[in-house]
Amino acid sequence: MPWASLVSKTRTTAHRLLGGVSVTAGAVSGTGQLDVNSELLMSGQIVSVDYALSCATALFGLLQYDDLITVEGGTYRVQHEPLRIGDGADCIVPLSKVDTPVGATITTLDSLLLTTLDGRYLVTL
């Protein structure tokens with residue numbers, strides 16, 4: 001087995017064992033780890049981000065600002081180009097969750113009415 005294939009299989013197994021999630025960006029699919037409310041060191045400053053995806057640079061290292069990706073079925077927007085870590089084989093991608101599109105239906109399991117902070121109904125059943 002070629003060295004690159006062995007490294008790729010090892011990384012995929014590690015992400016899966018450490019709570020990895022499915023990641024899709026365009027035609028590329030793989031696994032990664034999604035952290036919520038993370039802090040990253042960017043340009044010498046600590047920056048707080050909503051979500052940080054740790055993944056293989058070979059798969060997701062070419063993502064750019066404002067790209068949309070799917071992580072475990074949810075849609076996220078790339079907030080900064082991937083930050084390489086360690087030897088550069090892995091990277092961290094700062095993300096933000098894309099809001100539910102206008103007109104989308106949200107259904108709760110117990111048929112609750114969802115409302116906004118100002119009292120408007122989000123869903124009527």
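Here are a few worked exercises on the predicted model shown above.

**Exercise 1. Get the overall layout: how many helices and strands are there in the chain, and in what order do the elements run?**

Start with the tally: the chain has two helices and seven strands. Now walk from the N terminus, and the order reads α-β-β-β-α-β-β-β-β. Next, check burial: of the 125 residues, 29% are buried. For the surface, the chain exposes about 8,600 Å², with carbon and sulfur atoms supplying 54% of that. Finally, look at contacts with a separation of 6 or more: 39% of them come from residues 24 or more positions apart.

**Exercise 2. Before trusting any detail, find where confidence in the chain is lowest and where it is highest.**

Begin with the whole chain: the mean pLDDT is 76, and 61% of the residues reach 70 or more. Then go element by element. Helix α1 (residues 3–17) has the lowest confidence, at a mean of 57. At the other end sits β4, which is highest at 93.

**Exercise 3. Place strand β5 (residues 74–78) among its partners, and work out which side chains point to which face.**

Take the β4 side to begin with. Strand β4 (residues 68–71) pairs with β5 in the antiparallel sense, over four bridges. In that pairing, L68 has R77 of β5 as its bridge partner. Two residues lie between the strands of this hairpin, and E72 takes a positive phi near 50 degrees.

Now the β7 side. Strand β7 (residues 90–97) also pairs with β5 in the antiparallel sense, over three bridges. Here Y76 stands opposite K97 of β7.

Last, the faces. The side chains along β5 alternate: G74, Y76 and V78 point to one face and are buried. T75 and R77 point to the other face and are not buried.

**Exercise 4. Track down the aromatic pair: which residues form it, and what is its geometry?**

The count comes to one aromatic pair. Its members are Y51 and Y76, with 5.1 Å centre to centre and 75 degrees between the planes. Edge-to-face needs planes over 60 degrees apart, and the pair is indeed edge-to-face. Now locate the partners: Y51 lies in strand β3 (residues 45–56) and Y76 in strand β5, so the pair ties together parts that are 25 residues apart in sequence. As for burial, both Y51 and Y76 are buried.

**Exercise 5. Do the matching job for charge: which residue forms a salt bridge with R77, and how far apart are the closest N and O atoms?**

A reminder to start: side chains of opposite charge can pair when their charged atoms come close. The structure holds one salt bridge. R77 forms it with D66, and the closest N and O atoms are 3.2 Å apart. The cut-off is 4 Å, so the pair qualifies. R77 lies in strand β5, while D66 is in the loop between α2 (57–60) and β4, so the bridge ties together parts that are eleven residues apart in sequence. Check exposure too: R77 is partly exposed, with a relative accessible area of 27%. D66 is partly exposed as well, at 39%.

**Exercise 6. Is Q33 buried, partly exposed or exposed, and where does it sit?**

Q33 belongs to strand β2 (residues 28–42). Its relative accessible area is 21%. Buried means under 20%, so Q33 comes out as partly exposed. For a distance, try S22: Q33 and S22 are eleven residues apart in sequence and 8.7 Å apart in space, C-alpha to C-alpha.

Note on methods. Residues are numbered from 1 along each chain as its sequence is written. This is a predicted model: local features need pLDDT of at least 70, side-chain atom pairs count only at pLDDT 80 or more; totals for chains, interfaces and linings use all residues. Side-chain values use heavy atoms; hydrogens and water are left out. Buried means under 20% relative accessible area, exposed over 50%, partly exposed in between (1.4 Å probe, protein chains only). Two strands pair if DSSP finds at least two bridges between them. Contact means heavy atoms within 4.5 Å. Accessible areas come from the Shrake-Rupley method with a 1.4 Å probe; for residues, only the protein chains shown count as cover. Rings of Phe, Tyr and Trp (its six-membered ring) pair if their centres lie within 6.5 Å; planes under 30 degrees apart count as stacked, over 60 as edge-to-face and the rest as tilted. pLDDT is the predictor's confidence in each residue, from 0 to 100. A salt bridge is a side-chain nitrogen of Lys or Arg within 4 Å of a carboxyl oxygen of Asp or Glu.
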